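Thank you all for coming; I would like to walk you through one chain this morning, beginning with its sheets and ending with a single side chain. Please have the sequence and the model open while I talk.

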Amino acid sequence: MKETVLEVKDLVTTFKSADGPLPAVRGASFSVKKGETLCIVGESGCGKSITALSIMGLLPSNGMIADGSIFFNQKNLAEMSPKQMQKVRGNDVSMIFQEPMTALNPVFTVGFQIREPLMIHLKLSKKQAHMRGIELLKMVGIPSPVERMNQFPHELSGGMRQRVMIAIALSCNPSLLIADEPTTALDVTIQAQIIDLLNDLKEQLDMSMIMITHDMGVVAEIADRVIVMYAGEIIEEGRVEEIYENPQHPYTKGLLASVPNVDDPEFDLKPIVGSMPMLNEQISGCRFHPRCPFAFDKCMEKSPETFQVTDKQNVRCWLQEEGVEQNGGRRASSL
Ligand code: SF4
């Protein structure tokens, strides 16, 4: 069995507000194994990016890890000081962001930005870092890498900028790469190239990867395992084939039903009605119940337990409870 690289346990991340702390992540637990790609999916505001920022120690100043642990290579990142986290970031764990134009510094050349982590973390000389930078640009498929080192981010296309970001993220050979919606800001054809590149690099470098996305198409391309988040909670988890072929949670089913199927002209696109609750919204029982077509009395009263479906798939939904009958999508007793 492959070793566990990352183990997140009961993670609670909150934001300060005039009304007290607001939980954006509510007790998330998951792990990532060596060489594995874990996709975290859900709509905007579900807590997936905040989970990633919690791991990276990059929460905004009004956010904090209120509870839980994040073990990476046997060290609890949740207890590390900002200075200790700086050493981990970019070195053992790296992150690429949705919009490379905002992640790259517009006033420095590509060369400057790629040399910096190599000089800081790997203590390379400027010349060594420059040579390694050229190799990295080549590795991520950037043509004329020598010339690109002297260019500024605005001189590159969106796809090239994302490749530069990937090169920077991989510069110190991280064992875990977190990619937060890395293709959302790109054209569809470029999106596919970046996904292929990330897949190839992950294999080549034997890294683990967490891919954060709202796009179930991306999940199908890249994931080994999938976590579905809703309103700060993990509501389903399983191998990618389990999530696609046998989704159990009504929200997961809704996500899959809202992805267009170009191979099936008869496919009926069904968006999930309603929207994600605000952080300060009080919802009793299952946080999905106001949007759930299967909701019954218990859903409004009690937060669902986690039920095991297979050895790798589990789901938080009362429909899994023994004895619950569905009748046209609703529990028989509530009709
Ligand atoms: Fe729907 Fe109830 Fe399941 Fe929540 S617990 S997803 S409301 S059926």
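**Two sheets and one asparagine**

Let me start with the open sheet of four strands, whose order is β2-β1-β4-β5 and whose pairing is antiparallel; strands here are DSSP runs of E of at least two residues, helices are runs of H or I of at least four, both numbered from the N terminus, and two strands pair if DSSP finds at least two bridges between them. At its edges are β2 (22-33) and β5, each of which pairs on one side only. Helix α1 (residues 48-56) packs on this sheet and touches β1 (4-15), β2 and β4, with a direction at about 110° to that of β1; contact means heavy atoms within 4.5 Å, and the angles, which run from 0 to 180 degrees, are taken between N-to-C directions of axes fitted to C-alpha atoms, for helices over the stretch in contact.

I should say early that this is a predicted model, in which local features need pLDDT of at least 70 and side-chain atom pairs count only at pLDDT 80 or more, while totals for chains, interfaces and linings use all residues. Residues are numbered from 1 along each chain as its sequence is written, and side-chain values use heavy atoms, with hydrogens and water left out.

Staying at the β5 edge, strand β4 (residues 63-72) runs antiparallel to β5 and is joined to it by two bridges, with Phe72 having Lys75 as its bridge partner in β5.

Now, is Asn76, which lies in strand β5 (residues 75-76), buried or exposed? Asn76 has a relative accessible area of 12%, and therefore counts as buried, the term being used for under 20% with a 1.4 Å probe and protein chains only, as against over 50% for exposed and partly exposed in between. Its side chain reaches the backbone nitrogen of Ile70 at 3.0 Å, and a polar atom of that side chain also lies 3.0 Å from the backbone nitrogen of Ala78. Leaving aside neighbours within four places in sequence, Asn76 is in contact with Ser69, Ile70 and Phe71.

The other open sheet has eight strands in the order β6-β7-β8-β3-β9-β10-β12-β11, with mixed pairing. Its edge strands are β6 (93-96) and β11 (306-308), each pairing on one side only. Four bridges join β6 to strand β7 (residues 176-180), and these two run parallel; Ser94 stands opposite Leu177 in β7.

How values were computed: A polar contact is a pair of N or O atoms within 3.5 Å; within protein, one must be able to donate a hydrogen and the other to accept it, and residues adjacent in sequence count only if both atoms are side-chain atoms.
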